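Here is a short, friendly walk through one protein chain, from its strands to its aromatic rings. Take a look at the sequence and the model, and then read on.

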Amino acid sequence: MIAQPDLDSACLFLDVDGTLVGFALRPEQVAIRASLLETLARANVALGGAVAFVSGRPISALDEMFRPLKFAAAGVHGAELRATPIAPIVNVASPPPSGHILAEARRISAKFSGAFVENKGQAIAVHYRAAPWAAKDLTAAIEALVAGAADQRLIALHGAAVIEIKSRDFDKGVAIEQLMAREPFAFRSPIFIGDDTTDLPGFEAVLRLGGRAYSVGRRIPGLSGSFEGPDDVVAWLDSVSRQRGPAA
């Protein structure tokens with residue numbers, strides 16, 4: 001049983017893909033149920049606006065995905081930040097991967113039917129959910145591309161059926177720490193829910209800050225607990241959103 005937060009002293013950071021929703025063959029194919037929008041809206045009110053997305057998706061993509069709702073957010077693994085729903089999106093990262101790296105990533109992915117490149121601006125995602133047979137060779141080729149890059153800040157970040165090329169200068173943990181320095185998150189106890197290796201820096205950050213970290217779909221030693229899957233996360237959020245009763 002995952003404990004309910006104290007609504008007056010907690011803040012909530014949520015990964016999206018694999019945490020709030022399941023995966024699709026392409027990111028734009030993920031469907032959002034109206035009931036999830038309602039639950040998120042209620043939870044945000046119950047927590048005094050202290051709910052933020054911390055996602056690998058760009059913030060503009062999150063806004064489109066959850067329209068008409070907008071939340072505080074960290075996008076592209078922390079390369080983008082928006083401290084409140086009405087604040088501007090700030091690019092907090094170093095220069096993006098070069099055009100040469102993008103072109104090479106596209107050349108590599110074109111060799112594997114079903115794989116494709118998503119240019120996120122500050123990161124390059126090579127997706128292979130529709131080409132699981134290619135995982136070993138494709139990821140090895142992208143890792144070799146990164147290892148040989150002139151920009152030594154670049155790393156290859158492995159996620160769920162995706163490998164991303166990004167700078168080592170930002171991650172989800174840094175993003176959470178940056179949001180925690182701002183209202184309405186400051187002086188609250190953070191909770192972060194995520195599902196894969198891209199979320200590990202976020203887990204470490206909230207635990208370091210005295211908060212709670214929960215994985216989805218698997219147990220990770222040292223965390224506060226785990227959820228079976230996105231449906232369980234959404235059910236928990238629904239119970240959180242109803243703590244203040246109908247007036248919330």
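A residue is called buried here if its relative accessible area is under 20%. Keep in mind throughout that this is a predicted model.

**Strands E10, E11 and E12**

With that cut-off in hand, strand E11, which spans residues 212–216, turns out to be mostly covered, since four of its five residues are buried. What lies on the way from E10 to E11? The chain passes through helix H6 (residues 200–208), and the resulting β-α-β crossover is right-handed.

E11 has strand partners on record in this model, and they fit nicely into a small table.

| Strand pair | Bridges | Direction | Partner residues |
|---|---|---|---|
| E10 (residues 189–194) and E11 | four | parallel | Gly194 and Ser215 |
| E11 and E12 (residues 225–227) | three | parallel | Ser215 and Ser226 |

Ser215 is worth pausing at: this residue is the bridge partner of Gly194, and Ser215 is also paired with Ser226 in E12. As a reminder for anyone tracing such strands, side chains in a regular strand alternate between the two faces of the sheet.

**Aromatic rings**

A pair of aromatic rings is described by the distance of the centres and the angle of the planes. How many aromatic pairs does the model hold? The count comes to seven. One of them joins Phe227 and Trp236, whose ring centres are 5.8 Å apart with 65 degrees between the planes. Because edge-to-face applies to planes over 60 degrees apart, the Phe227 and Trp236 pair is edge-to-face.

Are these two residues buried or exposed? Phe227 has a relative accessibility of 7%, so this residue counts as buried. Trp236 is buried as well, with a relative accessible area of 6%.

Elsewhere, Phe53, Phe66 and Phe71 come together as one aromatic cluster.

**Charges over rings**

Two rings have a charged end sitting over them. For Phe23, the charged end belongs to Arg129 and lies 4.2 Å from the ring centre. For Phe170, the charged end is that of Lys166, at 4.4 Å from the ring centre.

**Ser109 in helix H3**

Finally, have a look at Ser109, which belongs to helix H3 (residues 99–109). Its relative accessibility is 5%, so Ser109 counts as buried. Which residues does Ser109 contact, apart from its neighbours within four places in sequence? They are Ala115, Phe116, Val117, Val126 and Leu138.

Terms used. Residues are numbered from 1 along each chain as its sequence is written. This is a predicted model: local features need pLDDT of at least 70, side-chain atom pairs count only at pLDDT 80 or more; totals for chains, interfaces and linings use all residues. Side-chain values use heavy atoms; hydrogens and water are left out. Rings of Phe, Tyr and Trp (its six-membered ring) pair if their centres lie within 6.5 Å; planes under 30 degrees apart count as stacked, over 60 as edge-to-face and the rest as tilted. Buried means under 20% relative accessible area, exposed over 50%, partly exposed in between (1.4 Å probe, protein chains only). A charge sits over a ring if NZ of Lys or CZ of Arg is within 6 Å of the ring centre and within 35 degrees of the ring normal. Helices (H or I, at least four residues) and strands (E, at least two) are DSSP runs, numbered from the N terminus. Contact means heavy atoms within 4.5 Å. Two strands pair if DSSP finds at least two bridges between them. A crossover is right-handed if, with the strands pointing away from the viewer, the path from the first strand over the helix to the second runs clockwise.
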